[in-house]
Amino acid sequence: MTTDAGTDVFEEHRPVLLGVAYRMLGRVADAEDVVQEAWLRWSRADRSEVREPRAYLVRVTTRLAIDRLRQVKARGETYVGPWLPEPYVTDFGDRVPDTAERAVLADSVSLAVLIVLESLSPLERAVFVLREAFGYPYAEIAAMLDRGEAAVRQLAGRARRHVDERRPRYEVDPVQRRDLTERFLAAAAGGDLEQLMSLLAPDVRLIGDSGGKAKAPLRILESADHVGRFLVGVAQKGLADATFHFLEVNGGPALLIRTAGAPDSVFQVDVLDGRIQAVYVIRNPDKLKVLADV
């Protein structure tokens, strides 16, 4: 395989590799670093010995992501306030024509699921991602991780139970989510507490991620009253020179707010039974850098 051909093969599989790495790490910059390291290893490899490039590249990427995740956990990094994944712009385009497959990929990258995945061990997370998001057979996952198939099945079962027990139940209809997001924005921006309360579930939660580098609640807000009054208070203070832009983030519609042309906040909601169950607000400027050119 020539250098140019090797580059073409890698670029063909780059979206999948980035998807695996991001689901493993929840951080776009870290995922891109892992994929870049996978490229370096691919460029140095004897590709004449590689029979299945995709499997080889996914294996390399997964192992690198596991190593990166272990390093993060070993450092015991502290984070100021609630943590949310970096927003990940998802546009599957023509690469994922099947509606069912698209729904699985979108769910596996949702903020709610990625929050739960943070509590898995690196190996459990790798098995869950490869099995649930990308549908790899247990035997292939075992080969990728140098583990026995029985051990991989145990890891998969444990991870699946953990996620099922902790993940909230939401509806994923993008049309309904966008409609509620637009109504939510109008009510909040207009300071209409009564209308806002009608959109929020009684036990709604607002999770704001600032990393201590922007204004956001340093704890999770719970109940429609607390969330509604907080949002109205924010709206009353206003944002100078603000513009609003809808885009797809982490598999669902989200609102990007810019001030003076730079990303200021990302809002996304989760919905069940026609009410907003969760509000996610990402304001950490380090996490918004990935949206600078969107």
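## Strands and their pairing

Two strands count as paired when DSSP finds at least two bridges between them. With that in hand, take strand 5 and strand 6: they run antiparallel and are joined by 7 bridges. One of the pairs here is V266 with I282, its bridge partner in strand 6. The two strands form a hairpin with 2 residues between them, and D273 in the turn has a positive phi of about 55°. Keep in mind that everything here comes from a predicted model.

Now for the whole sheet. It's an open one, made of 6 strands in the order 2-1-6-5-4-3, with mixed pairing. Strand 2 (221-222) and strand 3 (242-249) sit at the edges with a single partner strand each, so one side of each has no neighbour in the sheet.

## Walking across the sheet

Start with strand 3 and strand 4, which pair in the antiparallel sense over 8 bridges. Among these pairs, L247 has A254 in strand 4 as its bridge partner. The hairpin of these two strands has 2 residues between the strands, and N250 takes a positive phi near 50° there. Strand 4 itself is well tucked in: 8 of its 8 residues are buried, so the rest of the structure largely encloses it.

Next door, strand 4 (residues 252-259) and strand 5 (residues 262-272) run antiparallel and are joined by 5 bridges. T259 finds its bridge partner in A262 of strand 5. This hairpin also has 2 residues between the strands, and A260 is the residue with a positive phi, near 55°. On the other side of strand 5 comes strand 6, paired to strand 5 by the 7 bridges already mentioned. Strand 6 is mostly covered, with 7 of its 8 residues buried. Strand 6 also pairs with strand 1, this time running parallel, through 6 bridges. In that region, I207 stands opposite Y280 in strand 6.

## A closer look at D264

D264 lies in strand 5. Is D264 buried or exposed? The cut-off for buried is under 20% relative accessible area. D264 has 13% relative accessibility, so it counts as buried.

Who does D264 touch? Setting aside neighbours within four places in sequence, D264 is in contact with L239, I257, R258, T259, I282, R283 and L288. One of these, T259, is the bridge partner of A262, and another, I282, is the bridge partner of V266.

## Helices against the sheet

Two helices are worth finding around the strands. Helix 11 (residues 224-237) lies across strand 1 (200-209), strand 2 and strand 5, and runs at about 55° to strand 1.

The other helix to look for meets the strands 5 and 4, which are joined by 5 bridges. Helix 9 (residues 174-189) packs on the sheet and touches strand 3, strand 4, strand 5 and strand 6 (275-282), with its direction at about 120° to that of strand 5.

## Helix 8 and its two faces

Helix 8 (residues 149-166) has 18 residues and reaches 26 Å from its first C-alpha to its last, close to the 26 Å expected at 1.5 Å a residue. Its buried residues are V152, L155, A156, A159, H162 and V163. Looking down the axis of helix 8, these buried residues fall within an arc of 135°, so they line one face of the helix. In general, an α-helix has 3.6 residues a turn, so residues three or four places apart point the same way.

What do the buried residues of helix 8 pack against? Their partners are helix 5 (111-117), helix 6 (122-133) and helix 7 (138-145). The face turned away from the buried side carries the exposed residues A150, Q154, R161 and E165.

## The nonpolar cores

The largest nonpolar core has 51 residues, and M24, L117 and F134 have the most contacts inside it. Helix 1 (3-25), helix 2 (28-44), helix 3 (53-75), helix 5, helix 6, helix 7 and helix 8 each supply at least two of its residues. The largest share, 9 residues, comes from helix 1.

L117 makes a handy landmark. Leaving aside neighbours within four places in sequence, L117 is in contact with R23, R125, F128, V129 and V163. Apart from this core lies another, of 23 residues, including F184, L221, A224 and I257.

Conventions. Residues are numbered from 1 along each chain as its sequence is written. This is a predicted model: local features need pLDDT of at least 70, side-chain atom pairs count only at pLDDT 80 or more; totals for chains, interfaces and linings use all residues. Side-chain values use heavy atoms; hydrogens and water are left out. Helices (H or I, at least four residues) and strands (E, at least two) are DSSP runs, numbered from the N terminus. The expected span of a helix is 1.5 Å times one less than its number of residues. Buried means under 20% relative accessible area, exposed over 50%, partly exposed in between (1.4 Å probe, protein chains only). The arc is that of the directions from the helix axis to the C-beta atoms. Contact means heavy atoms within 4.5 Å. Axes are lines fitted to C-alpha atoms, for helices over the stretch in contact, and angles run from 0 to 180 degrees between N-to-C directions. A nonpolar core is a set of buried Ala, Val, Leu, Ile, Met, Phe, Trp, Tyr and Cys residues joined through side-chain atoms within 4.5 Å.
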